[in-house]
Structures are given as C-alpha cells and as structure tokens.
Amino acid sequence: MTLREVPIGSSVTIKKLNGTGATKRRIMDMGLVKGVEVFVRKVAPLGDPIELTVRGYELSIRKADAELIDVE
C-alpha cells in the first residue's frame, strides 16, 4: 500500500521509499524516512495535496510524491 491510498484519520509507518535522485532526497529531507509514523490529517477538496502529521509537525505533499512511499 502507498501513502496515497491511506484513508483520512489513519496512522501508518513508512516501510520503503521508491523513486530516485532529487525526488527521493527531497522526500527524505521532509522527514519521511523508513520507520517513521505518519498520520493522514486531511485531503484537499480536489484531492491534491495530502496533509500529514510527521514527527510533530504538519506537512503537505502532492499525490505524486505520496505514491512513491510504501507504508504498512
């Protein structure tokens, strides 16, 4: 399952980051690394972006980036 598929109000743990190069580095720089717990707060009315709570702060990411993150 990817982060994009997680329902609102659910907590998941990051299992793996897909992607390469600058995209993967940018995701990691936002604090989204293996083993981190993520809470899906809400999704924008048109579905993009997704608002998350990660390590005590709110983060909004695009659906395209959320698809690169495998969760459990």
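**Figure 1. Arg26, Arg62 and Asp65 are joined in a network of salt bridges.** The view is taken from a predicted model. Within this network, the side chains of Asp65 and Arg62 form a salt bridge in which the closest N and O atoms are 3.4 Å apart. Asp65 is classed as buried because its relative accessibility is 5%, under the 20% limit. Arg62, in contrast, is partly exposed, its relative accessible area being 45%. A search of the whole structure finds six salt bridges, and further examples are shown in Figures 2 and 3.

**Figure 2. A salt bridge between Arg4 and Glu67 connects distant parts of the chain.** The N-to-O distance between the two side chains is 2.3 Å. Arg4 belongs to the segment before β1, whereas Glu67 lies in the loop between α2 (63-66) and β5; the partners are 63 residues apart. Arg4 has a relative accessibility of 36% and is therefore partly exposed. Glu67 is likewise partly exposed, with a relative accessible area of 39%.

**Figure 3. Arg25 and Asp29 form a salt bridge within helix α1.** The helix comprises residues 21-29, and the two partners are four residues apart, about one turn of the helix. Their side chains meet at an N-to-O distance of 3.7 Å. Arg25 counts as partly exposed, with a relative accessible area of 47%. For Asp29 the value is 58%, which places this residue in the exposed class because the limit is 50%.

**Figure 4. The largest nonpolar core contains 19 residues.** The members that touch the most other members are Leu3, Ile14, Leu32, Val38, Leu52, Ile61 and Ile69. At least two residues of this core come from each of the strands β1 (11-17), β2, β3, β4 (57-61) and β5 (69-71). In soluble globular proteins, nonpolar side chains tend to be buried together. Ile61 illustrates the surroundings of one core member: residues up to four places away in sequence aside, Ile61 touches Leu3, Met30, Leu32, Asp48, Pro49, Ile50, Leu52, Ala66 and Ile69.

**Figure 5. Glu51 occupies a buried position in strand β3.** The relative accessibility of Glu51 is 18%, and the residue counts as buried because this value is under 20%. Neighbours within four places in sequence are left aside in this view. On that basis, Glu51 is in contact with Phe39, Val40, Arg41 and Lys42, and also with Glu58, Leu59 and Ser60.

**Figure 6. Ala44 is located in the loop between β2 (37-43) and β3 (50-54).** The residue has a relative accessibility of 22% and therefore counts as partly exposed. Ala44 and Ser60 are 16 residues apart along the chain, and their C-alpha atoms are separated by 9.7 Å. Ser60 also appears in Figure 5, among the contacts of Glu51.

**Figure 7. Residues 1-72 are covered by a UniProt domain annotation.** The unreviewed UniProt entry gives this annotation as "domain: Ferrous iron transporter FeoA-like". In the model, the end C-alpha atoms of the span lie 7 Å apart. Helix accounts for 18% of the span and strand for 38%.

Definitions and conventions: Residues numbered from 1 in each chain as written. Predicted model: local features only at pLDDT ≥ 70, side-chain atom pairs only at ≥ 80, totals over all residues. Heavy atoms only, no water. Buried < 20%, exposed > 50% of the residue type's maximum accessible area, 1.4 Å probe, protein only. UniProt positions renumbered as here; feature names shortened; annotations may be inferred. Contact = heavy atoms within 4.5 Å. Core = buried A, V, L, I, M, F, W, Y, C linked by side-chain atoms within 4.5 Å. Salt bridge = Lys/Arg side-chain N within 4 Å of Asp/Glu carboxyl O.
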